[in-house]
Amino acid sequence: QNYAQSLGQYLETSWSHEVTTLGYDTPELGSDGRLEVFIWNLGTGLYGLAMPTIPFLTEGYILINNDFSWAFNSDPAGSDLGAMKVTAAHEFYHHIQFGYLNILEAIGDSWWIESSAVFMEDEVFDDVNDYVNYLPSFYDKTEVSIDSIDGGYETAIINKLLKEKYSSGDPIIIKKVLEEIGILTSAEDSMNNVL
């Protein structure tokens, strides 16, 4: 019960920061006006999963791991709570993204979809710094283009660069890139257009 209550608080914080403070559109909710969240045993190493609404099949939902004892981050409250926090921010942001993109856009720019969701983790819960776990993988692949890196989590540093260097520390630039992405406009082209 405490786990569910803590997760609920972290999801509320994510909603408040991402929708109210940063101005993203409210994500699509279920027929009951809520976004379903399930706590599930996803195994070691998997944080969570967001599923979009598929018309006539299923409403969107979020799965969050029920055990983060294996996680490592810098959250002063503990790595397990830090992992729960960033997972709430990350998976909730995916539901925001689903409102902006259709499935073709999301698949075509999957590296950036993950990259910006990891970026959002640090925006909502700055003390956790879970994203640094991905950086060695990013720096080990400097010979490849950013859109060919598996997963895209480690490319969150690109979004941090956009925010700090080209937006005076304002994360609104990431929202502008998301709004710019289209079927014929890749994340890379969207970044160029916004810049």
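## Exercises: a surface patch and a pocket

This predicted model carries a nonpolar surface patch of about 610 Å², built from Ile103, Leu104, Ile107, Ile183 and Leu184.

**Exercise 1.** Place Ile107 in its helix, then decide: is Ile107 buried or exposed?

*Solution.*
- Start with the helix. Ile107 sits in H3, which covers residues 103-108.
- Now check the accessibility. The relative value for Ile107 is 57%, and the cut-off for exposed is over 50%.
- So Ile107 counts as exposed.
- Tie that back to the surface: Ile107 is one of the residues making the nonpolar patch.

**Exercise 2.** Do likewise for His90: is His90 buried or exposed? Then work out which residues His90 is in contact with, leaving aside neighbours within four places in sequence.

*Solution.*
- His90 belongs to helix H2, residues 79-100.
- Its relative accessible area is 5%, and buried means under 20%. His90 is therefore buried.
- With those sequence neighbours set aside, the contacts of His90 are Glu114, Ala117, Val118, Glu121 and Tyr153.

**Exercise 3.** Describe the largest pocket: what is its volume, which residues lie nearest its centre, and which element gives the largest share of the lining?

*Solution.*
- The volume of the largest pocket comes to about 410 Å³.
- Its lining has 23 residues, and those nearest the centre are His90, Glu91, His94, Glu114 and Tyr153.
- Next, look at the elements. Two or more lining residues each come from strand E2 (48-51), H2, H3 and helix H4 (110-124).
- H2 takes the largest share, with six residues.
- Spot the link to Exercise 2: Glu114 and Tyr153 are among the contacts of His90, and both lie nearest the pocket centre along with His90.

Technical notes
Residues numbered from 1 in each chain as written. Predicted model: local features only at pLDDT ≥ 70, side-chain atom pairs only at ≥ 80, totals over all residues. Heavy atoms only, no water. Patch = residues over 30% accessible without salt bridge, like charges linked within 9 Å, V, L, I, M, F, W, Y side chains within 5 Å. Areas by Shrake-Rupley, 256 points an atom, 1.4 Å probe, with all protein chains shown as cover. Salt bridge = Lys/Arg side-chain N within 4 Å of Asp/Glu carboxyl O. Helix = DSSP H or I, 4+ residues; strand = E, 2+ residues; numbered from the N terminus. Buried < 20%, exposed > 50% of the residue type's maximum accessible area, 1.4 Å probe, protein only. Contact = heavy atoms within 4.5 Å. 1 Å grid on protein atoms, 1.4 Å probe; cavity = no way out; pocket = protein on both sides within 12 Å on 5 of 7 lines; lining within 4 Å. Points joined across faces, edges and corners; volume = space filled by probe spheres on them.
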